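Me: Please take a close look at one part of this model. Then tell me how that part fits with everything around it.

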Amino acid sequence: MTTAQDHTTRFAELMVEFERPMRRLCGAYATRGVDRDDLFQEIFLAVWRALPAFRGEASTRTWVYRIAHNVALTWQARQRRRDATESPLTEDTSRGAEIDVRRLELKRAVARMPPGDRTLILLWLEGLSAAEIADVTGIKAATVAVRLSRIRRALQPHEVMS
Amino acid sequence: MSDDASTLRAAWMSEAAPSKDDIRKAAGRVLDKDRVDRLRERRLRIAGVVALVFFVPVLLWAAAHGVAPLVRGAYALMAAGCVAAVVAEWVYLGWSKRALPGPDDTLSQLQRTVFMLDCQQWLARTAALWSSPVFAGVVMICVWLYRERTAAGAVTLGAVNIAAWIGSGVFTRRAAAALGRRRRHLEDVLAELDGPS
């Protein structure tokens, strides 16, 4: 990245590539639509600010997920008092018949998890390997694998739907 | 990957793709927010420079040429308080930036943010102390006014000064409490993330 134009182009590419994963992540951290938009903006703002220093030492995917989860966890620390009085996840109810019940239940189950477990399972659900999750979180890969095994047992269909 | 894993991941990712227009608008909002934030920070820093370049020299001149030792001492205290306030504001801004989340791994990021929030909380908690020279200087001016000029003027200025002192104290204590809550929440997350599996 040598010019502002390159920087802007690269940012636009990252937005296209990671828009959906980041929307899903925001849905797991924020209960209200307006908060999800706020968090989404904060994540990409942090990506935009970190982009000039990105030299490609890490994969783009783990780099973006690191920023996203760091932003989400600190964002939640700021929002915690407000969230405590708000209703649970209601995002998909406006889409009526198109609701994928399974996905909504999964999202609710993930949103109810403690922050550490939620971080790990979100990364796993997005398709990251234990080694990549270790790279994102700083937790040892073996520990990640053990914890994921426990968390996934709690997410089996009959558990999620209950 | 097991069938259960495939099912969970497939369910998780089964969302409609956003339109290109939505993505373009979202990118525009991010860049706008960045511009606004940078402008706000620049304004704060310029305000500090203006205070140091214009306001403090005036106070120092008054400290050197005041009508009485009490007044000269008051202006000297106020100049010292202004410098302390500007430096504290800049330090606070610097710590705020260092506390912002970046591309470090989550554990390292949380540790750094917790430390920075702790520093910011300490600065906010002690704000009443490092801003006290300004208010103490005004109190000295009130004493001089009471002795040499008008009691009503001294009482009015004194009341405004005390109200501002208390108000700033309450504001900074609340800010410190909010920072403390954020720090404790992040410490809990850190402990949970780094805890036994």
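Reply: A residue is buried if 20 or more other C-beta atoms, placed from the backbone, lie within 10 Å of its own, exposed if 12 or fewer, and partly exposed in between. The model is predicted, so local features need pLDDT (the predictor's confidence in each residue, from 0 to 100) of at least 70 and side-chain atom pairs 80 or more, while totals for chains, interfaces and linings use all residues. Residues are numbered from 1 along each chain as its sequence is written, with chains lettered from A and ligands numbered from 1 in written order.

The part to look at is helix H7 of chain B, residues 151-194. Helices here are DSSP runs of H or I with at least four residues, strands are E runs of at least two, and both are numbered from the N terminus. H7(B) has 44 residues. From its first C-alpha to its last, H7(B) reaches 63 Å, which is close to the 64 Å expected at 1.5 Å a residue (the expected span is 1.5 Å times one less than the number of residues).

Which residues of H7(B) are buried? They are B:Leu179, B:Arg182, B:Arg183, B:His185, B:Leu186, B:Val189, B:Leu190 and B:Leu193. The list includes leucines, but B:Arg182, B:Arg183 and B:His185 are buried as well.

H7(B) belongs to a chain built from helices: chain B has seven helices and zero strands. Along the sequence this gives the pattern α-α-α-α-α-α-α. The radius of gyration of chain B, taken over C-alpha atoms, is 25 Å, well over the 16 Å that the globule rule (2.2 Å times the number of residues to the power 0.38) gives for 197 residues, so chain B is more spread out than a compact globule. Along the principal axes, its C-alpha atoms fill a box of roughly 90 × 45 × 25 Å. Of the 197 residues in chain B, 21% count as buried.

Contacts in chain B often join distant parts of the sequence. Two residues are in contact if their C-beta atoms lie within 7 Å. Among the contacts in chain B with a separation of 6 or more, 71% are between residues 24 or more positions apart. A separate pair, described by C-alpha distance, is B:Val91 and B:Leu123: they are 32 residues apart along the chain, and their C-alpha atoms are separated by 8.9 Å. B:Val91 is found in helix H3 of chain B, residues 69-99. With 13 other C-beta atoms within 10 Å, B:Val91 is partly exposed.

H7(B) also takes part in the meeting of the two chains. Between them, 34 residues of chain B are in contact with 46 residues of chain A. Along with H7(B), the elements giving two or more residues to that side of chain B are helix H1 (3-12), helix H2 (20-65) and helix H4 (106-125) of chain B. H2(B) gives the most, with seven residues.

The partner, chain A, has eight helices and zero strands. Of its 162 residues, 39% count as buried. In helix H5 of chain A, residues 115-125, ten of the eleven residues are buried, so that helix is largely enclosed by the rest of the structure. Among those buried are A:Arg118, A:Thr119 and A:Trp124. Just after H5(A), A:Gly127 takes a positive phi of about 95°.

The nonpolar cores come next; each is a set of buried Ala, Val, Leu, Ile, Met, Phe, Trp, Tyr and Cys residues joined through C-beta atoms within 7 Å. The largest has 57 residues, of which A:Ile43, A:Ala68 and A:Ile133 touch the most other members. Helix H3 of chain A, residues 60-83, gives the largest share, ten residues. A second, separate core of 13 residues includes B:Ala74, B:Tyr75, B:Ala79 and B:Val138.

Confidence is the last item. The mean pLDDT of chain B is 89, and 97% of its residues reach 70 or more. Among the elements of chain B, H1(B) has the lowest mean, 77, and helix H6 (residues 132-148) the highest, 95. For chain A the mean is 83, with 82% of residues at 70 or more. Over residues 92-99 of chain A the pLDDT is below 50, and this stretch has three contacts in the model beyond near neighbours in sequence. The model as a whole scores ipTM 0.82 and pTM 0.83.
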